[in-house]
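Hi,

Here is the structure I promised to pass on. Have a look at it first, and my notes follow underneath.

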Amino acid sequence: MSAQVQATDQAILVGQHFMSGDDACAEGAIAAGCRFFAGYPITPSSEIAERMARRLPQVGGIYLQMEDEIASMAAIVGASCAGAKAMTATSGPGFSLMQENIGLAFMTETPCVIVNVQRGGPSTGMPTLIGQADMMQVRFGSHGDYAVIAYAPASPQEMFDYTIKAFNMAERFRTPTFVMADELVGHTYERVVIDPAKIELVSRKRPHVKPGERFWPFEPDPDLVPPMALAGEGYRIHVTGLTHDERGYPAATEPEIQERMLERMLRKILDRRDEIVEYEEVELEDAEVVLIAYGSTARAALHALRLARERGLKVGMLRLITPWPFPDKRVAALREAEIIVPEVNAGQMAREIERWIRKPAHRVNRLGGELLHPDEILRKIEEVA
Amino acid sequence: MALDLREVITEHHPEDELLREDRIPHIWCPGCGLGVAVTAYIEALKLASAQIPLEKQIVVSGIGCTGRVAGYINVDSYHTTHGRAIPFATGLKVANPELEITVFSGDGDLFAIGGNHFIHAARRNVDINVICCNNFNYGMTGGQVGPTTPEMAITSTSPYGNMEEGFNLPYLAAASGAVFVARWTTLHFRKLRDAISQAFAKRGFTFIEVIAPCPTSFGRPNELGQGLDEMEWYRESCVIDHQANLREIGLSMRKDSKIVVGNFLDIERPTFLDRYQEVMKRAQAAGGKR
């Protein structure tokens, strides 16, 4: 198992704060032990970079502003290979540029955290306004097959909490993880409570043998996660984005090695999906209509749920905290209910939900730029109830 | 006098300790210059090993024929994505300043897809070494035109001649902020090895261009002959001039042209981490733990 410790870091801002989601994300990263941030300014995530630029030099960490998001992503993979807990933050256009080295992080099993404060797209889209349209890009955006761990925080407090969790999962599984925020949650100011007693930190597994002894950098333990040797420790490792064997050596023309290595990389996450998946249930016990929502949209959905309950309608909500891995079993168990999926895109998570409820969902969509109004969701509830 | 071959042919190659023996044979073609460049690097690693232990030496490559260097050298080695070796190495270096990091990659990788990263890393003066094997084309993919292909040279995607001018790499590196800039060919083995040793000793962003034959993909269409013919041509046309005006040392690779080589630039400038130390002091004095 990877090492678990209680957070004792003096850098943690203990106490209660009135803080934006972006700032809470940066503080969560620092509390998680992040000491390397590489990024490129982009609305609406720039405040994360700005806070890291101010805070990291105070706590002995490195802030590096790169020439673009391609370089930012490459730099955090490099820093993590040297042992740093590393993060970058961006929005849609930058997230597109990062896809290349996100693939490298998966293939080389390098832990790191990527924050996407989503805005309206495609292309430059709506830089200052909300979008939730990168939910499939985070799942499939880089080429090839890979398994994703992504969180969708719905408040500044969750920006803090789930940034820490993203680091812990990245370290535990040796994988990049994602915080899929949105403009609204990034720019909302709310109370954030930081209590070190509640913060548990996980660090990547280290080699079981000393340098000089036989060590294969991609030979897994029984949990399918290989211990990680860092650059400069003397293990003389080779790490490549090519298909490679357990020694780390290229095997780019050997389909059986591709099969073995890639299957393990998928299974190390998917076999543990029950330990990763998180969701929140609201009044599902007697619900005949169920809202499935995530991020800021879940807050509008919750308000609509309250209004509907006041009118005697049996409505519940399943809030996706991890859109990926998708809580498939929980969603499948809701298939008897009428399912409403509000989201600020043309219907992305709705497609995944429909695969599991095996019928069309009632979709409520806004294509970007503003949050769905609770009244719009309420109207859909009344229509299907 | 008869030569006793048993004394000449040994079981191990003299560089075996620093080669990943189990990965040999390599993928490079007969006559390719990369073997010479790798040997020069390995010799420099050995010469520096009293000052820089081998476990602190790291090699990072991008993609392409030169990109495969990382896979053959028996130190910690990272084979990254196309063009991204420099930003990857930047992350490695600033996260662990004890490492001596050398980016070993090709002209297409470093100066076409990776060109932006090169100029910014030089500007930042990140303390890494960049060795570029320049063979004037994309060898691995079959000899396409690249950012250093000389004008009117024939490649598989410039079949009637290249209409673009190639980069003058030492000039670009110096203008971007590198503190050490050299150019040698694979003929100048000892000069190249010594330049790499100098780069190891130097703090800051260093750049060495290694002109290397690619008889298979670039030599053939341009009638440069075999690898050995190209080495002979280097001998005839190279001029060592450490004080050369860098503006004037662009390469045409025509048989009648000169190739200016040398250690052109060696200056001092604070590195990224030097200045970052200053920034950390200010941050800690001003804000402390907040």
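To start with chain B: how many helices and how many strands are there in it? Chain B has 11 helices and eight strands. Bear in mind throughout that this is a predicted model.

On overall dimensions, the C-alpha atoms of chain B fit a box of roughly 70 × 55 × 35 Å along the principal axes. The radius of gyration of chain B is 20 Å, which agrees with the value near 19 Å that a compact globule of 290 residues would have. Of those 290 residues, 52% count as buried. If you take the contacts in chain B with a separation of 6 or more, 67% of them are between residues 24 or more positions apart.

Now the interface. It puts 39 residues of chain B in contact with 42 residues of chain A. On the chain B side, the elements giving two or more residues are helix H3 (69-72), strand S2 (76-79), helix H4 (85-95), helix H6 (115-124) and helix H11 (272-286). H4(B) supplies the largest share, with eight residues. Sorted by class, the side of chain B that touches chain A has 15 nonpolar, 15 polar and nine charged residues.

There is strand pairing between the chains too. Strand S12 (residues 238-240) of chain A runs parallel to S2(B), and three bridges join them. If you want a spot to zoom in on, Val239(A) stands opposite Tyr78(B) in S2(B).

Over in chain A, I also looked at an open sheet of five strands. What is the strand order in this sheet? The order is S13-S15-S14-S16-S17 (chain A), with mixed pairing. At the edges are strand S13 (279-282) and strand S17 (362-365) of chain A, each pairing on one side only. From one strand to the next, the twist averages 20°.

Within that part of chain A, strand S16 (residues 338-343) pairs with S17(A) in the parallel sense over four bridges. Pro342(A) is opposite Val364(A) in S17(A).

Two helices of chain A go with these strands. Helix H10 (residues 296-310) of chain A lies across S13, strand S14 (289-293), strand S15 (315-320) and S16 of chain A, and runs at about 170° to S15(A). Helix H12 (residues 349-357) of chain A packs on the sheet and touches S14, S15, S16 and S17 of chain A. The direction of H12(A) makes about 165° with that of S16(A).

Cheers

How values were computed. Residues numbered from 1 in each chain as written. Chains lettered and ligands numbered in written order. Predicted model: local features only at pLDDT ≥ 70, side-chain atom pairs only at ≥ 80, totals over all residues. Contact = placed C-beta atoms within 7 Å. Nonpolar A, V, L, I, M, F, W, Y, C, P; charged D, E, K, R; others polar. Pairing = 2+ DSSP bridges. Rg over C-alpha atoms; globule rule 2.2 N^0.38 Å. Buried ≥ 20, exposed ≤ 12 C-beta atoms within 10 Å, placed from the backbone. Axes fitted to C-alpha atoms, helices over the stretch in contact; angles between N-to-C directions.
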